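Trainee: I would like to learn how to read a protein model piece by piece. Could you take me through one?

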Amino acid sequence: MNSAESAALSLVCKELGWEKSLDGLDADLVLLNTCSVRITAEKRAFGRIAHYAGIKKKQKRNFTLVVAGCMAQRLGGKLQEQFPQVDYVMGTSSRQMFPLILRAAENGEKAIFNIEEKAVFSFSDSHHDVDLEQGMSFRSFIPIMHGCDNFCSYCIVPYVRGREVSRSPENIADEIRLVAERGVREITLLGQNVNNYRREDGFDFAALLKYIVPAAAGSGVKWIRFLSANPVNFSSKTIEVLAENKVFCRHLHLPVQHGSDNVLKAMNRGYTRDRFLQLVREIRAAMPGITLSTDILIGFPGETEEDVAMTLHLMEEIKFIYSFMYHFNPREGTKAFDLPGRIGEDEKKERLSRVIKLQKKHTTELLKSRIGSTEIVLIEGISRKNADELITRTEKDEMAVVPGPKSMIGSFGVLTLSSLKGNTFRAKELSLVKS
Ligand code: SF4
C-alpha cells in the first residue's frame with residue numbers, strides 16, 4: 001500500500017513539472033512516505049526524518065521537508081514538536097494537499113491550511129510510476145479500498161487509516177486500462193481487507209471482480225491478484241467468480257495468523273480454525289492446484305505450547321507455499337498492548353524458529369514437486385547475476401530464470417521448470433506466448 005501511494009505522490013510531482021533528484025542532496029523538496037504497521041518501520045522512518053532535519057539544521061540547507069503516510073497520520077503535530085525542521089505533516093487522508101505544498105515550495109512560500117479540517121480521503125487516479133518500480137514495470141498495484149473496520153487486537157491500521165472507504169468500480173476499471181496502455185500486464189488489487197469491499201448500493205468484492213474482467217480482457221492485463229483477503233469475509237460468491245475466470249491467478253494469500261481458536265479469539269480475527277480449514281477446502285475444490293501463502297503471528301500474549309502445536313499442525317494440514325512469519329511486538333494504542341500474559345523475547349524467538357523451520361520444509365517440498373511442470377510466465381527483466389538470462393514469474397508467484405533475449409521482456413512466455421536453486425527455478429528454453 002505504501003509503495004502504491006508513493007507512486008501516486010511521485011506522479012503528482014511529475015505532473016507539476018518536478019524531477020527526481022539523483023541522490024537527494026540537491027533536492028528542493030524531500031518527501032518521506034512513512035509506514036506505521038510495524039514498530040521497526042516507524043523506527044526507520046524516525047531515523048530518516050532525523051537525518052534530513054539534521055541536514056537542514058546543521059548545513060543550513062533550505063529545502064521543504066514533508067512527512068507523509070500512516071506515521072504522519074498517527075503522530076500529527078507531535079512530529080513537528082520533535083523535529084521543527086519538518087515543514088508539513090501530511091497524513092494518509094490529506095494527500096490532496098500535496099499539489100498545494102509543491103506550488104508553495106516552487107514560490108518559496110509556506111502553504112497555509114488546516115490539514116485536519118480538510119482531511120477527506122480520496123483515491124489517486126494512478127499508482128504506477130515506472131521510475132519507482134525497480135523491476136515491476138509490468139506489474140502495478142491498484143488500491144480499491146482505504147482503511148479497515150476489522151480491529152484485530154494487535155493492529156494499528158484501523159487507527160491510522162480510519163474506516164473503510166471503497167473506490168468506485170468505474171475508477172478502478174479506468175486505472176486498469178490506463179496502466180495497461182503503459183505496458184502493465186499484471187495487476188494486484190490492494191486493500192487492507194479486500195473482502196470487505198462494499199459500495200453503498202451493495203456492490204461487493206465478488207461483483208467488483210466480475211466487473212473488472214472485461215476491462216482487463218480488453219487491455220493487455222492478463223493476470224489479476226489481490227491483497228489482503230481476510231478469511232473472515234471470504235465469500236462463496238467470490239470463490240465462484242475466481243474459479244470462473246482464468247484471469248485471476250491461481251495463487252492466493254490467505255492470512256491465517258494462528259492455528260489456535262483461543263489465540264484467534266484474543267486477536268479478534270473473527271474466524272475459527274475450523275472455518276479457515278473449511279474455506280481452504282472450498283477454495284481448493286473450486287480451483288484445483290491453487291497455491292496458498294499466509295501470515296503467521298506467533299508469541300501472542302497468553303499463547304501456550306498447545307496453541308503453538310495447533311499452529312504447526314494447521315501448517316501441516318494445509319501446506320502453505322510460503323508464509324510471512326513474525327513474532328508479536330506490542331504496539332502502543334492497540335488492545336493487545338494491554339493484554340496480560342506476554343511471552344518473553346527468547347521464548348517468542350524459539351517458537352517462531354519452529355514455525356520457520358516447518359515452513360521452509362514445506363516450501364522446499366512443494367517447489368521440488370513442481371519440477372518438470374510447463375508454465376506460462378511473465379518475463380520481467382534481466383537476471384542480476386547473468387545478463388544473458390531473464391527473470392520470469394509464474395502465475396503462482398514463483399521465480400524462474402531462463403536464457404533469453406532482452407526483446408522478450410514484458411511479454412508472456414512458456415517454459416518448463418527444470419531445476420531448483422534456493423527458491424528460484426531454472427529453465428532451459430523459453431518461447432513466447434502468442435497474444
Ligand atoms: Fe489490521 Fe486486521 Fe485490518 Fe488486517 S484486517 S489491517 S490485521 S485490523
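Mentor: Let us go through the domains, some helices and strands, the ligand site and a few single residues. Keep in mind that this is a predicted model.

Trainee: Into which domains is the protein chain divided?

Mentor: A good habit is to begin with the domain bounds. Here the assignment gives domain 1 (2-118), domain 2 (130-368) and domain 3 (374-432). The C-alpha centres of domain 2 and domain 3 are 26 Å apart. Their contact is built from 14 residues of domain 2 and ten residues of domain 3.

Trainee: Which element gives the largest share of the side of domain 2 that touches domain 3?

Mentor: That is helix 15 (residues 345-368), with three residues. Sorted by class, this side of domain 2 holds four nonpolar, five polar and five charged residues.

Trainee: Let me try a residue from helix 15. Is Asp 346 buried or exposed?

Mentor: To decide, count the C-beta atoms around the residue: 20 or more within 10 Å means buried, and 12 or fewer means exposed. Asp 346, which lies in helix 15, has 8 C-beta neighbours inside 10 Å and therefore counts as exposed. You can also compare places in the chain with places in space: Asp 346 and Arg 74 are 272 residues apart along the chain, and 30 Å separates their C-alpha atoms.

Trainee: Now a helix. What span should helix 1 have, and what do its end C-alpha atoms show?

Mentor: The idea is to work out an expected length from the rise for each residue, then check it on the model. Helix 1 (residues 2-15) has 14 residues, so at 1.5 Å a residue it should span 20 Å; its end C-alpha atoms are 20 Å apart, in agreement.

Trainee: Which residues of helix 1 are buried?

Mentor: They are Glu 5, Ala 7, Ala 8 and Leu 9. Take Ala 7 as a worked case: it counts as buried because it has 22 C-beta neighbours inside 10 Å. The C-alpha atoms of Ala 7 and His 127 are separated by 5.1 Å, although the two residues are 120 residues apart along the chain. Look just past helix 1 as well, where Gly 17 has a positive phi of about 85 degrees.

Trainee: And how would I read a strand? Which sides of strand 4 are covered?

Mentor: Look at the two faces separately, then at the pairing. In strand 4 (residues 139-143), five of the five residues are buried. Arg 139, Phe 141 and Pro 143 are on one side, with Ser 140 and Ile 142 on the other, and both faces are covered. Strand 4 pairs with strand 7 (residues 186-190) in the parallel sense, over five bridges. One bridge to follow by eye links Phe 141 to Thr 188 in strand 7.

Trainee: What is the order of the strands in the open sheet of seven strands?

Mentor: Read across the sheet from one edge to the other. The order is 16-17-14-13-12-15-18, and the pairing is mixed. Strand 16 (419-421) and strand 18 (431-432) are at the edges with a single partner strand each, so each has one side without a neighbour in the sheet. Within the sheet, strand 12 (residues 374-382) and strand 13 (residues 389-394) run antiparallel, joined by five bridges. Val 377 is found opposite Thr 394 in strand 13.

Trainee: Which residues surround the ligand?

Mentor: List the shell, then sort it by class. The shell consists of Cys 148, Asn 150, Phe 151, Cys 152, Cys 155, Val 157, Pro 158, Gln 192, Asn 193 and Asn 230. By class, six are nonpolar, four are polar and none is charged.

Trainee: What is notable about the phi of Phe 151?

Mentor: Phe 151 has a positive phi of about 55 degrees, yet it is not a glycine. This residue sits in the loop between strand 5 (145-146) and helix 8 (157-161). With 13 other C-beta atoms within 10 Å, Phe 151 is partly exposed. Asp 397 is another non-glycine residue with a positive phi, near 70 degrees; its place is the loop between strand 13 and strand 14 (399-403). Asp 397 is partly exposed, with 17 other C-beta atoms within 10 Å.

Trainee: One last backbone feature: where is a peptide bond cis?

Mentor: Check omega. The bond from Leu 227 to Ser 228 is cis, with omega near -20 degrees. Ser 228 belongs to the loop between strand 8 (223-227) and helix 11 (236-244).

Note on methods. Residues are numbered from 1 along each chain as its sequence is written. This is a predicted model: local features need pLDDT of at least 70, side-chain atom pairs count only at pLDDT 80 or more; totals for chains, interfaces and linings use all residues. Helices (H or I, at least four residues) and strands (E, at least two) are DSSP runs, numbered from the N terminus. The expected span of a helix is 1.5 Å times one less than its number of residues. Two strands pair if DSSP finds at least two bridges between them. A residue is near a molecule or strand if its C-beta atom, placed from the backbone, lies within 6 Å of it. Ala, Val, Leu, Ile, Met, Phe, Trp, Tyr, Cys and Pro count as nonpolar, Asp, Glu, Lys and Arg as charged, and the others, Gly among them, as polar. Domain bounds come from an automatic or database domain assignment. Two residues are in contact if their C-beta atoms, placed from the backbone, lie within 7 Å.
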